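This report walks through one protein model, from cysteines to surface. Please keep the structure open while reading.

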Amino acid sequence: MVKHGGDAEGGLRRHHAIRVPLTAAAPGMEEGSSTEPDLMADADVSLLQRASKLISSSTAAYHSKSASFWALLALSAGAMLTAFPASSLLSRVYYDAGGQSKWILSWSAVAGWPIPALLLPPCYLLLEGASPTWPPPLGLCLWYALLGLLSAADNLMYAWAYAYLPASTASLVAASSLAFSAVFGRIIVKKNNRMGLATVNAIVVITAGVVIVALDSGSDRYPGITDSQYAVGFALDVLGSALHGLIFALSELAFATHLSAAGNNGGPAPSCRFHVVLEQQAAVSLSAFAFTSAGLAVFGEGFGAMGQEAAGFAGGKGAYAMVLGWSAATFQVGVLGATGVVYLGSTVLAGVLNAVRVPVTSVAAVIWFHDPMSGFKILSLVITVWGFGSYMVGNSGRRRQQNVQAGN
């Protein structure tokens, strides 16, 4: 209750009371706000009541989608969190064992394009209502070609980055893809990609972690790597992360404009049309494979260089084929999971999960490759995890607000 002094009448001072409603909500509230008193922030509420509120909101969110939706989302997220770190570590294995060609490494990433294509026939047979998007419209073919070209460029940038940076450092810098995913998702797609305070805070915090890694560039450099090579690797890692975020946003836009119209207008649910994820991934990877093959033949060392590298590779030709083969498989599984997350969730969610894999890759690189882990890199890792946690807490607040509004 806030009191203000009024005018004096008859020697008495009158007071006007202004009552502030506890449940007033400002328009355009960002994530973390609520339209009712938040039990989570009330000091008088018991721990049991807080847990009950969290469980009830989580249950409501779960029942808002089908079980098949959550199963596919969990599989897609799991593919991202396991296959992408494995692919990153294999890139470092390639260079440590004697590989030198950035074009060959980026070519191996898209050489696994038949993997999603081979999964399509079972989907057509097992998924109800699934039918081939054939012949694809001209506009969709142009989308596939554009995404393929961007993917080929993105893979080449990361190949250069891993040639000059330790795997742990490259993964920490790649966490900046969350910031780019949030920005591009908001600009290009808008829907499901709100930019609230928690998202902005996460972007700033993770960017600060990347800056810390840049300031500590002298402590984790491999022998023989010059200042200019390290700078090139760092810059291309950031550019590759930006391109990664752009690809996420453009993929979501392609789904929204060409492939998901039926699911968004009373047609089958997204989980029933999941085959479009495989279709897009197969087409985009084939397009990227074509662009990368042309680049390897024209601007790179040529396909004959594979035999020369295999001859001098640590472990011989068999080990060389294994590294390239597993690189192709893990990268395709990771990208397939990312595309599924974009389709079922959003660009920002894909960026968040892409940032989550940072501690996994960093710790694995320290264990397997004995990457140097300075105090600055540990601080950067902690800050990155903190930024991710900030986003998740803020986003859970936004979901609670949406659930309250839906209940009303």
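How many disulfides does the count come to? The count comes to 0 disulfides. The model is a predicted one, and every value below is computed from it. A disulfide is a covalent bond between the sulfur atoms of two cysteines. The rule asks for a pair of cysteine sulfur atoms within 2.5 Å. Two cysteines can still be placed by their cover. Cys-123 is buried, because its relative accessible area of 16% is under the 20% cut-off. Cys-141 is partly exposed, with a relative accessible area of 33%.

**Overall make-up**

The protein has 408 residues, and 48% of them count as buried. Its secondary structure comes to 15 helices and 2 strands. Take the contacts with a separation of 6 or more: residues 24 or more positions apart account for 81% of these. The accessible surface is about 19400 Å². Carbon and sulfur atoms hold 69% of that surface.

**Helix 2 and its salt bridge**

Helix 2 covers residues 67-96, which is 30 residues. From first C-alpha to last, helix 2 reaches 44 Å. That is close to the 44 Å expected at 1.5 Å a residue. After helix 2 comes Gly-98, with a positive phi near 120°.

The structure holds 1 salt bridge. Asp-96 forms a salt bridge with Arg-92, and the closest N and O atoms are 3.0 Å apart. Why is the separation between Asp-96 and Arg-92 about one helical turn? They are 4 residues apart in helix 2, so about one helical turn separates them. An α-helix has 3.6 residues a turn, so residues three or four places apart point the same way. Side chains of opposite charge can pair when their charged atoms come close. The two partners differ in cover: Asp-96 is partly exposed at 46% relative accessibility, whereas Arg-92 is buried at 5%.

**Two buried positions**

Gly-302 sits in the loop between helix 11 (275-298) and helix 12 (305-311). Gly-302 counts as buried, at 13% relative accessibility. Leaving out residues up to four places away in sequence, Gly-302 touches Leu-296 and Ala-297. Its C-alpha atom is 8.8 Å from that of Trp-103, though 199 residues separate the two along the chain.

Thr-339 belongs to helix 13 (residues 316-344). Is Thr-339 buried or exposed? Thr-339 is buried, with a relative accessible area of 8%. With the same neighbours in sequence left out, up to four places away, Thr-339 touches Phe-255, Val-277, Gln-280 and Gln-281. Phe-248 is 91 residues from Thr-339 in sequence, yet 7.5 Å from it in space, C-alpha to C-alpha.

**A nonpolar surface patch**

Which residues form a nonpolar patch on the surface? Val-363, Ile-367 and Trp-368 form it, with about 350 Å² of accessible area together. Trp-368 lies in helix 14 (residues 347-369). Trp-368 is exposed, because its relative accessible area of 58% is over the 50% cut-off.

**Accessibility at a glance**

| Residue | Relative accessible area | Class |
|---|---|---|
| Arg-92 | 5% | buried |
| Asp-96 | 46% | partly exposed |
| Cys-123 | 16% | buried |
| Cys-141 | 33% | partly exposed |
| Gly-302 | 13% | buried |
| Thr-339 | 8% | buried |
| Trp-368 | 58% | exposed |

Technical notes: Residues are numbered from 1 along each chain as its sequence is written. This is a predicted model: local features need pLDDT of at least 70, side-chain atom pairs count only at pLDDT 80 or more; totals for chains, interfaces and linings use all residues. Side-chain values use heavy atoms; hydrogens and water are left out. Patches are made of residues with over 30% relative accessible area and no salt bridge: like charges are joined within 9 Å, nonpolar side chains (Val, Leu, Ile, Met, Phe, Trp, Tyr) within 5 Å. Accessible areas come from the Shrake-Rupley method with a 1.4 Å probe; for residues, only the protein chains shown count as cover. A salt bridge is a side-chain nitrogen of Lys or Arg within 4 Å of a carboxyl oxygen of Asp or Glu. Buried means under 20% relative accessible area, exposed over 50%, partly exposed in between (1.4 Å probe, protein chains only). The expected span of a helix is 1.5 Å times one less than its number of residues. Contact means heavy atoms within 4.5 Å.
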